[in-house]
Amino acid sequence: MKLVDYQNIWKTKKVLRFIYDDFYKTINEHCINGNILEIGGGIGNFNIEGRDVIRTDIQLSKTISLVADAHKLPFSNSSFSNIILIDVLHHLDCPVNFLKEASRVLTPQGRLIMIEPGITPISWLFYNFLHEEEVDLSWKPSNKCTPKANKDPYEANQAIPTLLFNKYYLILSDLKLSLISNKWMSLFVYPLSGGFKKWSLVPSFLVNFLLRIEKKLIPLLGPLMAFRMVVVVKNTKKI
């Protein structure tokens, strides 16, 4: 799919917009006062009323502020209070390189907020056998990583966020970052919605009701069947 295809589905699929509105509310709850940098802005659907958002993406589109590689951000030190990513980290060749950049451009105590695929026993079955993106659980973070030249922006490893923030999170301290929160989210509504596919098994009028049920079930069922995770990281560098 191309960005224009994602944009067309976004415009016509109310179920998807309702689900992402819930994502945005979650992100807003974790943002601190100040401006926001979105990495991987894509079709430009992220929006929080009253917040100043600079959108970047590796692909050119009318909805982003500028084209930028997450591994080497074109911003000065301490430029942003918040950096957000929605389904972006697992597409990066060198996540540690990005985290170094995030630490550099965030203000002291700034927040890095990510919503990413989460690998649990149930979601692994779906992602591994029914999803086009790879799930490589052998991945390890590297401080000596070089991004591929001319990489397909849709190439991905969905296991990266789960491994990085559940198994290798201690690497954050070397980057002057600290893990504040790492929680499961999305049990069944998103997969049943079809995501950015044209089909959906969930009627739009039930989405908000089902999301409320999901949130009550997350503490019990999240480790078994969550499909996503929301990660909040704080910049620990001093002023």
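Reader: What volume does the second largest pocket have?
Author: The model is predicted. Rolling a probe the size of a water molecule over the atoms shows where empty space is left. For the second largest pocket, the volume comes to about 320 Å³.

Reader: Which residues of its lining are the closest to the centre of the second largest pocket?
Author: The lining of this pocket has 16 residues. Five of them are the closest to its centre: Thr-26, Trp-184, Met-185, Lys-215 and Val-230.

Reader: Which element gives the largest share of that lining?
Author: Three elements each supply at least two residues: α2 (14-30), β6 (177-185) and α7 (207-225). The largest share is six residues, and its source is α2.

Reader: How many residues of the lining are charged?
Author: The lining of the second largest pocket mixes classes. Seven of its residues are nonpolar and three are polar. The number of charged residues is six.

Reader: Is Thr-26 buried or exposed?
Author: Thr-26 sits in helix α2. Leaving aside neighbours within four places in sequence, it contacts Met-185 and Val-230. Its relative accessibility is 11%. The cut-off for buried is under 20%, so Thr-26 counts as buried.

Reader: How do α1 and α2 pack, roughly parallel or roughly perpendicular?
Author: Two packed helices are described by the angle between their axes and the distance between the axes. Helix α1 (residues 3-12) and α2 have axes 6 Å apart, at an angle of about 95 degrees. Angles of 65 to 115 degrees count as roughly perpendicular. Therefore α1 is, relative to α2, roughly perpendicular.

Reader: Which residues of α2 make the contact with α1?
Author: From α1 come Ile-9, Trp-10, Lys-11 and Thr-12. By class, the contact has five nonpolar, one polar and three charged residues. The α2 side is made by Lys-14, Leu-16, Arg-17, Tyr-20 and Tyr-24.

Reader: What relative accessibility does Ser-103 have?
Author: Ser-103 belongs to helix α3 (residues 95-105). Not counting residues up to four places away in sequence, it touches Leu-175, Lys-176, Leu-177, Asn-235 and Lys-237. Ser-103 counts as buried, because its relative accessibility is 7%.

Reader: Where does Asp-69 lie, and what is its exposure class?
Author: Asp-69 is in the loop between β3 (66-67) and β4 (80-86). Its C-alpha atom is separated by 5.5 Å from that of Ile-58, eleven residues apart along the chain. The relative accessible area of Asp-69 is 31%, so its class is partly exposed.

Methods. Residues are numbered from 1 along each chain as its sequence is written. This is a predicted model: local features need pLDDT of at least 70, side-chain atom pairs count only at pLDDT 80 or more; totals for chains, interfaces and linings use all residues. Side-chain values use heavy atoms; hydrogens and water are left out. On a 1 Å grid over the protein atoms alone, a cavity is a set of points where a 1.4 Å probe fits but cannot get out, and a pocket is an open set with protein on both sides within 12 Å along at least five of seven lines; lining residues have an atom within 4 Å of a point. Grid points are joined across faces, edges and corners, and a volume is the space filled by probe spheres set on the points. Helices (H or I, at least four residues) and strands (E, at least two) are DSSP runs, numbered from the N terminus. Ala, Val, Leu, Ile, Met, Phe, Trp, Tyr, Cys and Pro count as nonpolar, Asp, Glu, Lys and Arg as charged, and the others, Gly among them, as polar. Axes are lines fitted to C-alpha atoms, for helices over the stretch in contact, and angles run from 0 to 180 degrees between N-to-C directions. Angles under 35 degrees count as roughly parallel, over 145 as roughly antiparallel, 65 to 115 as roughly perpendicular and the rest as oblique. Contact means heavy atoms within 4.5 Å. Buried means under 20% relative accessible area, exposed over 50%, partly exposed in between (1.4 Å probe, protein chains only).
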